[in-house]
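New to this one? Here is a quick briefing to read alongside the sequence and the 3D view.

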Amino acid sequence: MVIAGGYSTRFGDEDKAVADLAGTPMIRRVVDRLAAVTDAVVVNCRADQRDAIATALEGATPTIEFALDPVEDRGPVAGIATGLEAVGETYGREFAAVVACDMPFVDPDLLERLYGRARDADADGAVVRLEDGWYQTTQAVYRTEPMAKACAATLESDDKRIVAALERVDYVTVAEDVLEDAGVDDATFESVDTREALEDAAARLE
């Protein structure tokens with residue numbers, strides 16, 4: 001699933017999800033990469049974004065479904081909850097990869113590795129622990145039902161961070177240096193969330 005419901009406050013007036021990145025909408029680049037590992041994608045977004053995103057994704061290889069935010073601007077935890085619920089209800093998938101719409105260099109091999117780690121450990125999720133100690137929670141794999149419930153409970157708590165939701169489930173971690181040794185693209189976690197980052201990404205793609 002792809003999270004796209006944010007207001008792109010650092011990006012300016014344009015919705016970064018459909019911003020032109022070297023001739024292709026950014027969210028289309030994300031979905032095209034996900035096509036290497038899935039045949040179905042749920043996009044979480046606001047109702048006012050749906051038409052533009054649907055246009056950007058016309059002709060995409062995976063089947064596209066939308067999970068619209070029932071309440072806008074509640075943050076990524078709400079988006080993950082809404083999206084994962086839709087993945088379970090619409091596709092019946094036990095696990096789902098979660099990727100932010102501003103990560104156009106997502107490496108499909110990483111998602112395969114995370115899925116394998118979660119499945120082999122019988123865990124509710126697999127996330128990368130970055131070298132600085134932070135967890136990469138918006139490019140991760142989660143078991144749909146437990147993580148959706150964890151996110152819903154977190155939204156009712158005082159601590160509404162994704163990490164707080166993660167702490168409510170049984171998850172495994174993968175160290176960033178392990179991925180580097182395995183040849184995972186080091187640009188996979190790059191967020192294109194400013195106009196400057198968009199220009200830099202476009203220059204590398206053109």
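What follows is a short tour of one strand, one pair of helices and two loop residues.

Keep in mind that this is a predicted model. A good place to begin is strand S4 (residues 40-45), where six of the six residues are buried. After that come helices H3 and H5, which run roughly antiparallel to each other, and then two residues with positive phi, Ala 22 and Asp 122.

**Strand S4 and its neighbours**

- With six of its six residues buried, S4 is largely enclosed by the rest of the structure.
- In a regular strand, side chains alternate between the two faces of the sheet.
- Here, one side of S4 carries Ala 40, Val 42 and Asn 44, while the other carries Val 41, Val 43 and Cys 45. Both faces are covered, and these residues are all buried.
- Strand S1 (residues 2-3) runs parallel to S4 and is joined to it by two bridges. Look for Ile 3, whose bridge partner in S4 is Asn 44.
- Strand S5 (residues 63-68) also pairs with S4 in the parallel sense, over six bridges. Pick out Ala 40 here: its bridge partner in S5 is Thr 63.

**Helices H3 and H5**

- Helix H3 covers residues 76-91 and helix H5 covers residues 144-155; their axes sit 8 Å apart.
- The two pack at an angle of about 150°. Angles over 145 degrees count as roughly antiparallel, so that is how H3 and H5 are described.
- As for handedness, the crossing of H3 and H5 is left-handed.
- On the H3 side, the contact is made by Val 77, Ala 78, Ile 80, Ala 81, Leu 84, Glu 85, Val 87 and Gly 88. H5 brings Thr 144, Met 147, Ala 148, Cys 151, Ala 152, Thr 154 and Leu 155.
- Sort the residues of this contact by type and you get eleven nonpolar, three polar and one charged.

**Two loop residues with positive phi**

- Ala 22 isn't a glycine, yet its phi is positive, near 55°. You'll find Ala 22 in the loop between strand S2 (20-21) and strand S3 (24-25).
- Buried means under 20% relative accessible area, so Ala 22, at 21%, counts as partly exposed.
- Asp 122 is another residue other than glycine with a positive phi, this one near 50°. Asp 122 lies in the loop between helix H4 (108-120) and strand S7 (125-129).
- Asp 122 is exposed, with a relative accessible area of 57%.

Terms used
Residues are numbered from 1 along each chain as its sequence is written. This is a predicted model: local features need pLDDT of at least 70, side-chain atom pairs count only at pLDDT 80 or more; totals for chains, interfaces and linings use all residues. Side-chain values use heavy atoms; hydrogens and water are left out. Axes are lines fitted to C-alpha atoms, for helices over the stretch in contact, and angles run from 0 to 180 degrees between N-to-C directions. Helices (H or I, at least four residues) and strands (E, at least two) are DSSP runs, numbered from the N terminus. Angles under 35 degrees count as roughly parallel, over 145 as roughly antiparallel, 65 to 115 as roughly perpendicular and the rest as oblique. A crossing is left-handed if the near helix is turned anticlockwise from the far one by less than a right angle, and right-handed if clockwise. Contact means heavy atoms within 4.5 Å. Ala, Val, Leu, Ile, Met, Phe, Trp, Tyr, Cys and Pro count as nonpolar, Asp, Glu, Lys and Arg as charged, and the others, Gly among them, as polar. Buried means under 20% relative accessible area, exposed over 50%, partly exposed in between (1.4 Å probe, protein chains only). Two strands pair if DSSP finds at least two bridges between them.
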